[in-house]
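Me: Hey, could you walk me through this one? I'm new to it.

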Amino acid sequence: MKTMLHSPVRMSRLRKGWSSLCLLTLSVLAACLPSGLRGQALPPQLFSEMDGIHFLDDGSSVPIWGYGWVTDGYITLPGPLLTYNEGQSVDLYFTNPSPESHTIHLHGLDVDQANDGVPATSFLVPLNGEAVYSFVADQAGTFLYHCHVTTTLHLTMGMYGMILVKRPDQTLFEGGPSYTDDVPLLFSDLEVATNLDPVGSFPFHDIRPDVFMINGKQGSQLEAEDQRVWAAPGDTLALRLGSMAYSRVRCHFPPELHAVCHMSDGRALPEPFAVDSLDIFPGERFTVLVAPEEGFEGSVSCDYWNMIDPGIEDTQEIHFGALPSSLDDLGDFDTMLGVGYPNPANSWYAPAVGAAGPDSGFQGEVVVTDLQGRECFRGRLEQGRLDVSDWPEGTYVARCGNRAPTRFMVFH
Amino acid sequence: MGAVHAQDAPDTLWLQLNEAVLGGDSMPALRFCEGATWDSLNYSFHMAADVPQSLVVHNGDTVDHAFALNVEGWEPVALVAGTATELTLPSLSAGSYCYGLDSERGKVLGGAGIIMVGNDDLPHFHWNLGDWEPARLASVAEGGTVEEGAPYVPRQFTVNDRTFPNTMNDPYGYVQIGVGTSCYITIANQGSMDHVLHFHGFHVEVLQASKHPERVGWIKDTVPFLQGEVTVVRLDAFQPGMYPVHNHNLIAVTNAGFYPGGMITHLDIQP
């Protein structure tokens with residue numbers, strides 16, 4: 001979204017501003033929606049693979065293992081964001097076509113032993129195996145998931161992701177504060193030598209990360225417009241901070257963000273507290289509400305501390321950008337809907353900005369399928385956007401010409 | 001199962017230097033033992049609240065030490081090599097504390113235990129966390145010192161001086177309680193690095209966190225422990241089953257690099 005243009009406030013502003021301009025286009029798109037879109041009878045399914053590639057900030061790449069949606073056909077680092085509603089009974093479908101066994105541990109969801117994802121006490125999903133993890137997402141909050149097979153290795157290779165359990169009234173928890181939008185921020189790290197030679201990385205006690213990431217990005221990658229956190233005047237953003245790192249992450253919040261920590265590990269704190277710096281140990285999660293001052297353009301610095309020999313190994317930045325309050329001032333931002341991680345939308349989806357810059361909205365044929373592979377849309381986006389305002393909530397896959405497929409989620 | 005689920009306060013402790021075998025590595029180690037016979041496990045114990053306790057400590061090491069207690073105002077008590085020293089543990093309020101040695105040699109070689117005071121209305125388990133680099137221990141045991149800035153490469157990670165799977169045989173660390181019941185767990189980080197434990201299946205309430213006082217009352221599934229920190233949590237066992245608790249700095253769930261091992265124990269919640 002990041003946070004920006006997908007917030008209900010932001011989207012309503014956009015919709016108003018574009019209503020006359022896009023009327024014809026919207027009508028055409030609405031007519032194109034297939035009836036099958038009204039329900040996703042088959043559940044989305046995660047899969048695991050061990051042949052992924054992840055690009056680093058310096059242009060090099062490292063092999064990764066990880067998770068992806070079956071319908072995407074590729075894995076990502078981190079894995080797909082899993083989003084559920086509070087109280088939802090969940091069946092998480094998983095298949096493993098990779099050569100080694102894997103599992104999914106639902107970190108912090110307090111699931112029962114059978115669904116805990118620990119091989120010794122639960123079950124393994126072997127080559128070509130399938131499984132369903134069943135649980136009730138009974139607590140709103142920020143959680144994680146990861147493989148629990150040879151965890152030291154499988155985690156650093158990239159087999160993890162974030163889970164959000166949300167409340168429909170857009171409050172953090174029952175009786176808790178309301179907010180405009182979620183900003184999932186997953187810290188992690190890896191050791192290049194291990195990823196290049198996982199078998200040769202033994203022994204595992206001396207894995208020392210040398211790449212430090214936020215949502216799988218680092219350095220200048222985090223400066224990209226689709227990775228920034230965008231806030232409009234009056235927005236209150238829920239930073240969903242979680243760590244799958246082998247480092248301790250210390251986040252420094254500028255005073256202009258007015259950061260207040262409300263939750264940790266999926267539970268409300270007894271008392272929220274204003275925060276200027278926050279330590280996040282491996283496996284921990286925090287929810288911090290920020291209300292950026294109008295026009296704030298700065299960053300949250302995140303120091304990665306060595307857990308063994310104390311010292312800062314690296315610093316990454318969460319960059320904030322200011323959105324104008326007036327649609328007239330949006331300028332080139334209007335082509336940037338639907339990018340980033342986790343890429344949710346509630347009214348509009350638009351392919352990511354092309355390499356030629358923000359004016360290069362995708363002009364070719366777009367094919368959108370749901371996670372069962374059923375085609376939901378095929379056609380050109382004359383205004384570079386697809387109206388998803390009355391689509392069922394869920395995850396979809398958009399294919400834009402020869403570009404790599406991208407996921408987006410629809411929330412209402 | 002007794003309510004306290006920890007050993008009684010001793011009259012005498014013997015500080016002994018010997019070889020410990022952890023996760024397949026043999027290394028010199030200092031331990032506070034209940035008896036004159038070598039025991040590779042430090043003696044952790046329970047004391048009544050608000051009652052002082054006399055204690056005789058025999059220093060069986062070849063060098064002098066001082067008995068340290070993480071209680072405000074406590075002055076380390078000299079333990080002369082080869083002699084016995086009588087001291088008085090002060091009247092302590094309910095909570096958990098750690099004792100040990102205040103020298104680098106004492107800390108590196110691992111002479112340290114937990115004192116649980118009060119909190120005896122529920123079973124009270126304890127996890128004394130440690131990390132060990134055998135080469136460093138061997139050097140220090142021979143009189144060497146830890147060179148400033150020297151990289152630390154621990155190969156073994158322990159709960160109550162045991163590595164997984166031996167942690168499963170620990171009557172004081174392996175949490176076995178019935179569903180619908182509760183217990184306390186004291187966790188003391190007496191290692192040379194920070195640690196963080198993740199609880200599968202449960203959240204716990206932080207009752208005490210000596211270096212994170214702001215976290216008292218928080219409900220957590222992942223709890224960090226700074227070096228020297230003593231933490232008490234309460235576990236309400238709402239569901240049956242076998243659930244790991246392990247370090248989420250995942251290099252620490254290995255024995256000499258082999259996974260799984262190290263800092264893993266379990267919650268065994270019986271139907």
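Reply: Sure. In chain A, strand E5 and strand E7 (residues 141–146) run antiparallel and are joined by three bridges. Strands here are DSSP runs of at least two residues (E), helices are runs of at least four (H or I), and both are numbered from the N terminus.

Me: How are the numbers and letters assigned, and is the model predicted or not?
Reply: Residues count from 1 along each chain as its sequence is written, while chains are lettered from A and ligands numbered from 1 in the order in which they are written. It's a predicted model, where local features need pLDDT of at least 70, side-chain atom pairs count only at pLDDT 80 or more, and totals for chains, interfaces and linings use all residues.

Me: Back to E7(A), what stands opposite A:His146?
Reply: That's A:His105.

Me: Which sheet do those strands sit in?
Reply: An open one of four strands in chain A, ordered E3-E8-E7-E5, with mixed pairing. Two strands pair if DSSP finds at least two bridges between them.

Me: And which ones stand at the edges?
Reply: Strand E3 (82–85) and strand E5 (105–107) of chain A; each has a single partner strand, so one side of each has no neighbour in the sheet.

Me: New topic: how many residues of chain A are in contact with chain B?
Reply: 31 residues of chain A, and they meet 35 residues of chain B. Contact means that the C-beta atoms, placed from the backbone, lie within 7 Å. On the chain A side, helix H3 (151–156) and strand E15 (267–274) each supply at least two residues.

Me: What about domains in chain B?
Reply: The domain assignment gives domain 1 (7–121) and domain 2 (156–270); such bounds come from an automatic or database assignment. Their centres, taken over C-alpha atoms, are 21 Å apart. 18 residues of domain 1 of chain B touch 19 of domain 2 of chain B, and E9(B) gives the largest share of the domain 1 side, five residues.

Me: Which residues of helix H2 of chain B are buried?
Reply: B:Pro134, B:Arg136, B:Leu137 and B:Val140, in a helix spanning residues 134–141. Buried means 20 or more other C-beta atoms within 10 Å of the residue's own, exposed means 12 or fewer, partly exposed is in between, and C-beta atoms are placed from the backbone.

Me: What covers them?
Reply: The cover includes strand E3 (25–33), helix H1 (104–109) and strand E11 (124–132) of chain B.

Terms used:
Contact = placed C-beta atoms within 7 Å.
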